[in-house]
There are 2 protein chains.
Amino acid sequence: MAVLEDRGYRSTAPRRAIIEILDGKLDGFTAEEIGNELPWVGRATIFRTIKLLREVGIVCRLNLVDGSPRYSLSRVEHHHHTVCVMCGNVGEFRAATMERLMRIIGNEIPGDIVGHRIELYVTCERCVAGEEN
Amino acid sequence: MAVLEDRGYRSTAPRRAIIEILDGKLDGFTAEEIGNELPWVGRATIFRTIKLLREVGIVCRLNLVDGSPRYSLSRVEHHHHTVCVMCGNVGEFRAATMERLMRIIGNEIPGDIVGHRIELYVTCERCVAGEEN
DNA sequence: GTCATTATGATACCGCGTCTCACATTAGCA
DNA sequence: TGCTAATGTGAGACGCGGTATCATAATGAC
């Protein structure tokens, strides 16, 4: 919440509630999920708040394999995501090697790299374990 | 078109028209764009055909920085995309280093990597040149 | 040419997200 | 504490990308 107040945004009940829920969501969430947990908050407000948190940089939007959207709370500074293709759970990882590689590739292709999106699709440990039953 | 026939799909006028248009689209396209160029083809058919071509592996779906979708004809086997943040044009590049890196990262994170999505956002040469005016 | 199979177009529908607009809350200040 | 401008909110309409339905049309194997 401090993150928003520091930028001049108001501390309101919906915003506080959403942020509190997010803290518990360790592996991604959807707007719909939040709506279900906070039925007293309007749909528009949920999207507005997610958008705000994305602009502030503490929430990321990523895509599942099928292209459907999912959000994730950012814990480390610069990172990428792993998304389980079976359960949709999201993980984060940092890879300095990746950044270095980006710079190398930057020299090989025309134009200037201004950003990138990297998503690794995985089958997570939980799902792999569950399959054996 | 042969790609589709080889898999048992029929050669129809809409499919032929769409594929022909795609051949000229060197830097990505949207479903809407095709619809404008082929007003006699139904919207559903355009989406169906794009989907088919994706399944066959000769069209990729990618996201612009803002998340909006764009398609691109695949020319090389395994590749990734560069997307210009200014004009939306799409390029392809291969990076063996990237694949090697994937394997390394695979050992560092929990779960098995089954796929990945990598998009590089760039400002393309054309746009950079244009800016200087 | 016949006919089963497959594809098509129109249209309704869905999911995700944004816009609008009247109303409610907030925070700053007396 | 009470006022007020600024900001945020909820309901609902709307937009866009894409899919489902279903009656009709085209395809291609014989």
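Student: Which helix gives the most to the surface near DNA strand C?
Tutor: In this predicted model, that is helix 4 of chain B, which contributes 4 residues to the surface near DNA strand C.

Student: Ok, and which other helices supply at least two residues there?
Tutor: Both protein chains take part, since chain A supplies at least two residues from helix 3 (31–37) and at least two from helix 4 (43–56), while chain B does so with helix 2 (13–24) and with helix 4 (43–56).

Student: How many residues surround strand C, and which are the closest?
Tutor: There are 25 residues around DNA strand C, and the closest are A44(A) and P69(A) from chain A, along with T12(B), G42(B) and T45(B) from chain B.

Student: What classes of residue are on that surface?
Tutor: The surface near DNA strand C is made up of 10 nonpolar, 7 polar and 8 charged residues.

Student: Now the other strand, what surrounds D?
Tutor: DNA strand D has 24 residues around it, and the closest are T12(A), P14(A), G42(A) and T45(A) of chain A, together with P69(B) of chain B. By class, the surface near DNA strand D has 10 nonpolar, 7 polar and 7 charged residues.

Student: Which helices supply at least two residues near D?
Tutor: For DNA strand D, chain A provides helix 2 (13–24) and helix 4, and chain B provides helix 3 (31–37) and helix 4, each with at least two residues.

Student: Back to chain B, how do helix 2 and helix 4 pack?
Tutor: Helix 2 of chain B and helix 4 of chain B pack at an angle of about 65°, and their axes are 10 Å apart. The crossing of helix 2 of chain B past helix 4 of chain B is right-handed.

Student: Which residues meet there?
Tutor: From helix 2 of chain B come P14(B), R15(B) and I18(B), and these meet T45(B), I46(B) and T49(B) of helix 4 of chain B. That contact has 3 nonpolar, 2 polar and 1 charged residues.

Student: Switching topic, what is the secondary structure of chain A?
Tutor: Chain A has 6 helices and 5 strands, and from the N terminus on, its elements follow the order α-α-α-α-β-β-β-β-α-β-α.

Student: How much of chain A is buried, and what does it span?
Tutor: Of its 133 residues, 19% count as buried, and the C-alpha trace of chain A spans about 50 × 50 × 20 Å along its principal axes.

Student: And what share of its contacts links residues 24 or more positions apart?
Tutor: Among the contacts in chain A with a separation of 6 or more, 43% come from residues 24 or more positions apart.

Definitions and conventions
Residues numbered from 1 in each chain as written. Chains lettered and ligands numbered in written order. Predicted model: local features only at pLDDT ≥ 70, side-chain atom pairs only at ≥ 80, totals over all residues. Near = placed C-beta within 6 Å. Nonpolar A, V, L, I, M, F, W, Y, C, P; charged D, E, K, R; others polar. Buried ≥ 20, exposed ≤ 12 C-beta atoms within 10 Å, placed from the backbone. Contact = placed C-beta atoms within 7 Å. Axes fitted to C-alpha atoms, helices over the stretch in contact; angles between N-to-C directions. Left-handed = near helix turned anticlockwise from the far one by under 90°.
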